[in-house]
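Reader: I'm new to this structure, so please pick one part and go slowly. I'd like a close look at the salt bridges and what surrounds them.

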Amino acid sequence: MPELPEVETVRRQLAPELEGRRLDAIQILDSKWCEPAPPEEVEPAVEGRRIERLDRRGKWLVWELADEVHLIMHLRMTGNLLLVPAGDTDRRFLRVKIDLDDGRHVLFCDARRFGRGRVLLGRDAVHDYFAGRVGIEPLGPDFTPEALQGMASGRKAPVKAFLLAQERVAGVGNIYADEALWLSKIHPLRPVGTLKPKQLSSLRDSVIHVLHAGIDARGATIDDFRDADGAEGSFQERFQVHLREGEPCLRCGSTIRKIRAAGRGTYFCPRCQRQPRPS
């Protein structure tokens, strides 16, 4: 699934191209994309409006349109947003076509049809929608060591599950959780509430570091992710631990192992990331 760096990559590419333009038309080819609202309600709500800002909240892309109309999109597992020239709309798995006032198009293509779109009216509606769904932005000023300690205090959940809980830390998924835990030398099954302040501070710094690294590499392409130009990301070439089962740890030389944590395939170094002792 595209995580924060992949969505931020797309946002940074699209923002200078879309902001200030007019969304002339939107054609929703798959009604599942905007459920429970029908396409005939979503389309007229956004058509003809100026695109004032392209923002991101966690893994969501937020189109801020004129008159406080917001079109929010989630790529989910296989969704891609492509910016293409006029008339160049022949793509596999095309679910939504957006026409811009300069003739270009933004295409939402999605092989598995998990991606979603929704229209929200007013800033309060946006705030209410994300409240409880999306937590602190890890690249924002509120993601402090103290904030992380406050969220972790007393919790017995494994730290890997804690990082994947979008209502706590927004946008961190499987890849970047593995990379951050390896960087901080923390075992993925360690109960997050048992981490010392110094470890939590290190983990906070590691999360920020790997997210910035992912953005710098224009995301990771393991299967389906493409950026707005249709190109693959390259962060998969920089993995320190993720997907490296059976290979030597780049820090100590031990063999990388794979386990299940929070229901996800999880990679770690058994020497650098010591398994917690039973309490």
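Author: Let's start with how open a residue is: buried means under 20% relative accessible area, exposed means over 50%, and partly exposed is in between, using a 1.4 Å probe and protein chains only. This is a predicted model, where local features need pLDDT of at least 70 and side-chain atom pairs count only at pLDDT 80 or more, while totals for chains, interfaces and linings use all residues. Residues are numbered from 1 along each chain as its sequence is written, and side-chain values use heavy atoms, with hydrogens and water left out.

Now the term you asked about. A salt bridge is a side-chain nitrogen of Lys or Arg within 4 Å of a carboxyl oxygen of Asp or Glu. Searching the whole structure turns up 25 of them.

Take Arg 21 and Asp 101, whose closest N and O atoms are 2.7 Å apart. Arg 21 sits in the loop between helix 1 (4-18) and strand 1 (22-28), and Asp 101 in the loop between strand 6 and strand 7 (105-110), so this pair ties together parts that are 80 residues apart in sequence. (Helices, H or I with at least four residues, and strands, E with at least two, are DSSP runs numbered from the N terminus.) Arg 21 has a relative accessible area of 28%, so it counts as partly exposed. Asp 101 is partly exposed too, at 29%.

Next come Asp 30 and Arg 95, which meet at 3.0 Å, N to O. Asp 30 is in the loop between strand 1 and helix 2 (39-46) and Arg 95 is in strand 6, so here the parts tied together are 65 residues apart in sequence. With 12% relative accessibility, Asp 30 is buried, and Arg 95 is buried as well, at just 2%.

A third pair is Arg 218 with Asp 227, at 3.5 Å from N to O. Arg 218 is partly exposed at 41%, whereas Asp 227 is buried at 1%. Arg 218 comes just after helix 7 and takes a positive phi of about 60°.

That brings us to helix 7 itself, residues 197-216. At 1.5 Å a residue, its 20 residues should span 28 Å, and the end C-alpha atoms are 29 Å apart, which agrees; the expected span is 1.5 Å times one less than the number of residues. Its buried residues include Leu 200, Leu 203, Val 207 and Ile 215. The buried residues of helix 7 pack against helix 1, helix 4 (145-152), helix 5 (159-164) and helix 6 (174-184), where contact means heavy atoms within 4.5 Å.

Further along, in the loop between helix 7 and strand 9 (257-261), you'll find Val 241. Val 241 is buried, with 0% relative accessibility. Leaving out residues up to four places away in sequence, Val 241 touches several others, among them Trp 182, Ile 256 and Tyr 267. The C-alpha atoms of Val 241 and Ile 256 are 7.0 Å apart, with their positions 15 residues apart along the chain.

Back to charges for one last stop. Some salt bridges join up into a network, and this one links Glu 8, Arg 11, Arg 12, Arg 56, Arg 57 and Glu 137.
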